[in-house]
Protein chains: 2
Amino acid sequence: MTQTADLTTLAEGVGAGDRRALARAITLVESGRADHREQAMDLLGRLPRDRQALRIGLSGTPGVGKSTFIEGFGLMLTGMGLRVAVLAVDPSSARSGGSILGDKTRMDQLARDPNAFIRPSPSQTQLGGVARRTREAIALCEAAGYDIVLIETVGVGQSETVVSQMSDLFVLLLAPAGGDELQGVKRGIMEIADLILVNKADGSLKPQATRTCADYAGALRLLRKRPQDPDGFPKALLVSALEGDGLKEAWAEIETLITWRKDHDIWDATRKAQAGYWFAEEVRLQMMERLMSDPALAARIADARKAVADGELLPAAAAAMVLKEI
Amino acid sequence: MTQTADLTTLAEGVGAGDRRALARAITLVESGRADHREQAMDLLGRLPRDRQALRIGLSGTPGVGKSTFIEGFGLMLTGMGLRVAVLAVDPSSARSGGSILGDKTRMDQLARDPNAFIRPSPSQTQLGGVARRTREAIALCEAAGYDIVLIETVGVGQSETVVSQMSDLFVLLLAPAGGDELQGVKRGIMEIADLILVNKADGSLKPQATRTCADYAGALRLLRKRPQDPDGFPKALLVSALEGDGLKEAWAEIETLITWRKDHDIWDATRKAQAGYWFAEEVRLQMMERLMSDPALAARIADARKAVADGELLPAAAAAMVLKEI
């Protein structure tokens, strides 16, 4: 794909909501090649900019039932006439080569739904490019007319913070804790959660799920109210992704929260702040890319960083020394 | 102060542990003037680099009894023959013109102790320079031979995260909660706390303090164990800064934690990672300073940021456009 005509066709396809065009466009923004990056920027510049999806960040550790939840939740939404896109963010896949969503067979009903679009995480990830790729994939899904973009991330590392910076709200999916041994929540995740869903509230696990939900509701009350929350938020709710219980209630809470934030000018203000944040990040990222594209300079920066880590130089002096050479 | 001879004298004074030299040196690193910055870098380059203090970050909302705690805790440490420096970090003082520590009269006993050094936060703060100024003040205190550097911050905004990135451990001071209305902890602070101290465990507040401490201990157990922690950490303890109760126990816990981290190569690894982080931050900060020092370019960046916030441009495209002009 090198022709401007191709990019025009691709942009039109995305704008018309064509899923194959959307998939091709995401592949383009995911590419690490310099010429693909140019084309991706060109493509993104051609898209309609007047469409907004509800962006929901979703996190949960492996085994918590995320795929089952997304399938159930997604089908409920498409059943309401909404179009749903699911994106995966997995910075760890750079090492493992794996994908969170695995193949789509784990959500085969949703994958076959014409109103749904599922995009597994790429098997190869450019370090530092996770945020950019995901933001641009979200922009593509919005341009393609999706009403909901679910951004799924696994509960490791910094990915939740990154995802929360590009989401309108953040949902944390938890499993019932076993007996006294309460399930640990990764520090920093509870801080960004707008809604905690305790899954597997079914069968023999129901009493445990109920206790776990009460425990987290208690822990949430220990945290100070945030200006972006109406009374009672963040909330902890019980769901059973397997039986479909609680999904409607979870959606109702999401709508309550989002309506309140829109009414209080928080939705727009947050989006603006996020855009400004990502602009500043892009300026820094592109400047660093420029610096590191010179092998001699990249080696110089690595040396300086090591000297700082070893205590031979202070950070400011080392940085000044490197920048003086440019 | 413009002579190289003066800087040599100043560096020697700091190295000899002279408190007046240390105070003058900190004033120099705090200055926003370009010529002072040059001199500060020069001075920092002349300091001994083989001295390490234990850096303790300390946070707590106003009214929790921080000054009383620091005075009692500091005097206990100097009583053990240790030299203690206290630094304040308050990014909000840029607006209010205030200082966390206020004048030293709130800790008059510690201020008069020859083995203590107290530095209130400056009344004027360069935005974005908080981290640099504090890091360099810490380096000066270490070079001056202090054994403990207490970095005090008020429980607002992002200052705790910044301080935790330059501390060996982080202590959170809390007040007993009143009745059912549990005191809210700012989200994100509990995540970085190594030790939670519930203060005012004295007189009529003792039962409440005991309950509050148990509540936070319970909340901490809900969070997943971090690789940098021995069993049982992070911990919640009761203290009475007023009566001096629990201070020895708090210090014993700090020593246990630090010894464990040193034995498990976490201390060194953390310091190296922090130094690398600050180097990368300095490279970004100094590059941005260079860009913003050109008024035309600074205006261009502000325009581009606004266009992004208003949805007219995507972050990557706007950043590329600005950087192309350099």
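Turn chain A by 180°, with 0.0 Å of shift along the rotation axis, and it lands on chain B with an RMSD of 0.0 Å. The two copies are thus related as by a two-fold rotation axis. Both copies also use the same surface to meet each other: 100% of the contact residues of chain A recur in chain B. Keep in mind as you look around that this is a predicted model.

**How the two chains meet**

- The contact draws on 63 residues from chain A and 64 residues from chain B.
- The size of an interface is often given as the accessible area lost when the parts come together.
- Here, chain A and chain B bury about 5,200 Å² between them. Carbon and sulfur atoms account for 67% of that buried area.

**What holds hands across the interface**

- How many salt bridges does the rule find across the interface of chain A and chain B? There are 2 of them.
- A salt bridge to look up in the structure is the one between B:Asp310 and A:Lys272, where the closest N and O atoms are 3.2 Å apart.
- Polar contacts turn up too, with 14 residue pairs found across the interface of chain A and chain B, both partners being at pLDDT 80 or more.

**Which parts of chain A do the touching**

- Several helices of chain A each supply at least two residues to the side that touches chain B. Among them are helix H3 (34-45), helix H7 (130-143) and helix H9 (206-222). Further along the chain, helix H11 (266-292), helix H12 (295-309) and helix H13 (315-324) do so as well.
- Which helix gives the most to this side of chain A? That's H11(A), with 15 residues.
- Sorted by class, the side of chain A that touches chain B has 37 nonpolar, 8 polar and 18 charged residues.

**How confident the predictor is**

- For the complex, the predictor gives an ipTM of 0.77 and a pTM of 0.70.
- Chain A has a mean pLDDT of 85, and 87% of its residues reach 70 or more.
- Where in chain A is confidence lowest, and where is it highest? The low end is helix H5 (residues 93-96) of chain A, with a mean of 38, while the high end is helix H10 (residues 247-263) of chain A, at 97.
- Over residues 93-101 of chain A, pLDDT stays under 50, and the model has 30 contacts for this stretch beyond four places in sequence.
- Residues 179-183 of chain A are another stretch with pLDDT below 50, and the model gives them 10 contacts beyond near neighbours in sequence.

How values were computed. Residues numbered from 1 in each chain as written. Chains lettered and ligands numbered in written order. Predicted model: local features only at pLDDT ≥ 70, side-chain atom pairs only at ≥ 80, totals over all residues. Heavy atoms only, no water. pLDDT = per-residue confidence, 0-100. Helix = DSSP H or I, 4+ residues; strand = E, 2+ residues; numbered from the N terminus. Contact = heavy atoms within 4.5 Å. Buried area = accessible area lost by both parts, 1.4 Å probe. Salt bridge = Lys/Arg side-chain N within 4 Å of Asp/Glu carboxyl O. Polar contact = N/O pair within 3.5 Å; in protein donor to acceptor, adjacent residues only side chain to side chain. Nonpolar A, V, L, I, M, F, W, Y, C, P; charged D, E, K, R; others polar. Least-squares fit on C-alpha atoms with pLDDT ≥ 70 in both.
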